[in-house]
Amino acid sequence: MAKDAIKPVILWFRRDLRLDDNQALNAAHLSGRPIIPLYINEPASAGTGPLGAAQAWWLHHSLEALDRSLHERQGRLVLASGEALEVLRAVIKKSGAKAVFWNRRYDPSGISVDTHIKQELEKQAIEARSFGGQLLHEPSRLMTGSGTPYRVYTPFWRALEGAGEAEPPLEAPAKLRLASQRPASETLKSWKLLPTKPDWAKDFTDLWTPGEQGARERLSAFVEEELKGYKENRDYPAKPATSMLSPHLALGEISPARIWDATRGLSNRVPAADIVHFRKEIAWREFSYHLLFHFPRLASENWNDRFDGFQWRYDDGDFEAWRRGMTGYPIVDAGMRQLWRHGWMHNRVRMIVASFLIKDLMIDWRDGEAWFRDTLVDADPANNAASWQWVAGSGADASPFFRIFNPMLQGETFDPDGDYVRAHVPELQRLGAKYIHRPFEAPKSALDEAGIILGQTYPKPIVDHASARDRALAAYKATKDAA
Ligand SMILES: Cc1cc2nc3c(=O)[nH]c(=O)nc-3n(C[C@H](O)[C@H](O)[C@H](O)COP(=O)(O)OP(=O)(O)OC[C@H]3O[C@@H](n4cnc5c(N)ncnc54)[C@H](O)[C@@H]3O)c2cc1C
């Protein structure tokens, strides 16, 4: 046996915190070499970390769960912080490892860090191998007939459908040969990923079970209970109708191939329309990554540079009212408070609050994207940027800027009884459905009966929607005319 065949291989975990359907892990396992499972807390300067505060909470619990799974297989996760290359070199030196395996990431900073690491390790004669599996298909696999990246979702979806079924997911190896000599590990506690005073994440635990097992249980529950009716119900935020798999996907506790696979063979109990619609949402995630990979500027610059001349407003008071859910528009406030309370927001409401920030308040989409990045447990470099740009109108295949959501009508259409608002805005708890989305139009008697004093117990609208709409359209016209 060649000498290097028994030298350990480092399995570098990143946003792929699972043993199931993990191609890098599988390859390390098949190599027969002892494995050193490693997670690196990369510095902010690398652009790949640290995570936003809500996702840091998730990461803490997810790493604990991963460590437990490894422990069941007689191993432990090694934790180290610092520049990834330096950390890898130090672990290689201590362990004598001759190979590093990882699953690919597709955000611009991740790609640049990984490319550099690969080159440097190869110079040291260390085998550096990367694998797919974070997406159904590598972003370069699906291309238009003329070999260019897709810019429009529908043809992308058709290409994805036409590409055939993704490879079936790989089962987690039942046994792992983990390196017996574990390099020194930092403690998770020392990373201080959890909030302390105040503990703003205290309600997260009611809702979420971070970790691979939690992800698999959520997937099964969704397929059993909610997938049927998904197409019709998914837009109603008061209904438990969507999978809520996004935070699990964001940290790679479950693979899209595993999710895809779970939607096979259900046609005798779930209408095909529901399955297709759900798959189309997974395909939106693929499309966001396709865009980010081929157009890395999507992360921070207007994809459509015509928007570079747009005159954004910078109003700290308005931005703060939006962040705190105190705009006076109940559906917007409910969404922003759901975000704060649970680190998650329903997709329909994300579109409404984003439209409100960008169009009613004319605050730069990048400010909204940054707030979401810090507060969402599912913050995702591709989905977040692509979705914000989609709402702003500056993105690929985006909703046109002039499509400005009316927060009252959106509320009345998608939360007709006001249950979603009542669940997150207790001040409006006793207000009936007629005025729940427009308390500022309610007669005094209705407000009195519900115990509401506008401007005191619940804010008056910070802007008048109709005038704000006109202001936004005028700014958009000026941008267009100047282009
Ligand atoms: C302004 C804005 C910001 C967003 N930021 C993020 C983000 O940071 N992270 C994130 O994962 N999603 C983001 N989304 C997309 C979407 O809102 C969430 O993926 C979805 O709400 C997650 O809930 P779910 O898992 O129950 O979705 P489901 O309806 O069950 O969908 C299943 C999966 O498909 C993917 N998906 C669903 N809708 C979309 C979409 N519109 N675009 C891309 N992928 C989608 C997600 O991975 C999701 O988990 C954002 C949307 C908007 C409008």
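Visitor: How do the residues of the shell around the ligand divide into nonpolar, polar and charged?
Guide: Keep in mind that this is a predicted model. In it, 27 residues surround the ligand. Sorted by type, that shell has six charged residues, eight polar ones and 13 nonpolar ones.

Visitor: Which residues are the closest to the ligand?
Guide: Helices are a good place to start: α9, α11 (272–294), α14 (347–360) and α16 (381–392) each give the shell at least two residues. Domain 2 (135–167 + 212–294) and domain 3 (305–482) each put at least three residues into it. The closest residues are Thr 242, Ser 243, Ser 246, Asn 384 and Ser 387.

Visitor: Thr 242 sounds worth a visit. Is Thr 242 buried or exposed?
Guide: You'll find Thr 242 in the loop between α8 (230–233) and α9 (246–250). Leaving aside neighbours within four places in sequence, Thr 242 is in contact with Arg 234 and Asn 347. A residue needs 20 or more other C-beta atoms within 10 Å to count as buried. Thr 242 has 21 of them, so Thr 242 is buried.

Visitor: And what about Met 244, buried, exposed or partly exposed?
Guide: Met 244 also has its place in the loop between α8 and α9. The cut-offs are 20 or more for buried and 12 or fewer for exposed. With 19 other C-beta atoms within 10 Å, Met 244 is partly exposed.

Visitor: How far apart are the farthest two C-alpha atoms of the UniProt "binding site" residues?
Guide: The unreviewed UniProt entry lists several residues under that name, including Tyr 230, Thr 242, Phe 278 and Asp 380. They span 151 residues in sequence, and they do not all gather at one spot, because the farthest two C-alpha atoms are apart by 22.8 Å.

Visitor: What separates the centres of domain 1 and domain 3?
Guide: The protein is divided into domain 1 (3–134), domain 2 (135–167 + 212–294) and domain 3 (305–482). Seven residues of domain 1 are in contact with nine of domain 3. On the domain 1 side of that meeting, four residues are nonpolar, two polar and one charged. Taken over C-alpha atoms, the distance between the two centres is 39 Å.

Visitor: Which peptide bond is cis?
Guide: Look in the loop between α5 (153–162) and α6 (204–207), where Pro 198 lies. Omega is near -5° for the cis bond, which runs from Lys 197 to Pro 198.

Visitor: What is phi of Gln 74 near?
Guide: Gln 74 is in the loop between α2 (53–72) and β3 (78–81). Gln 74 counts as exposed, because 11 other C-beta atoms lie within 10 Å. Its phi is positive in a residue other than glycine, near 65°.

Conventions:
Residues numbered from 1 in each chain as written. Predicted model: local features only at pLDDT ≥ 70, side-chain atom pairs only at ≥ 80, totals over all residues. UniProt positions renumbered as here; feature names shortened; annotations may be inferred. Helix = DSSP H or I, 4+ residues; strand = E, 2+ residues; numbered from the N terminus. Contact = placed C-beta atoms within 7 Å. Near = placed C-beta within 6 Å. Nonpolar A, V, L, I, M, F, W, Y, C, P; charged D, E, K, R; others polar. Domains from an automatic or database assignment.
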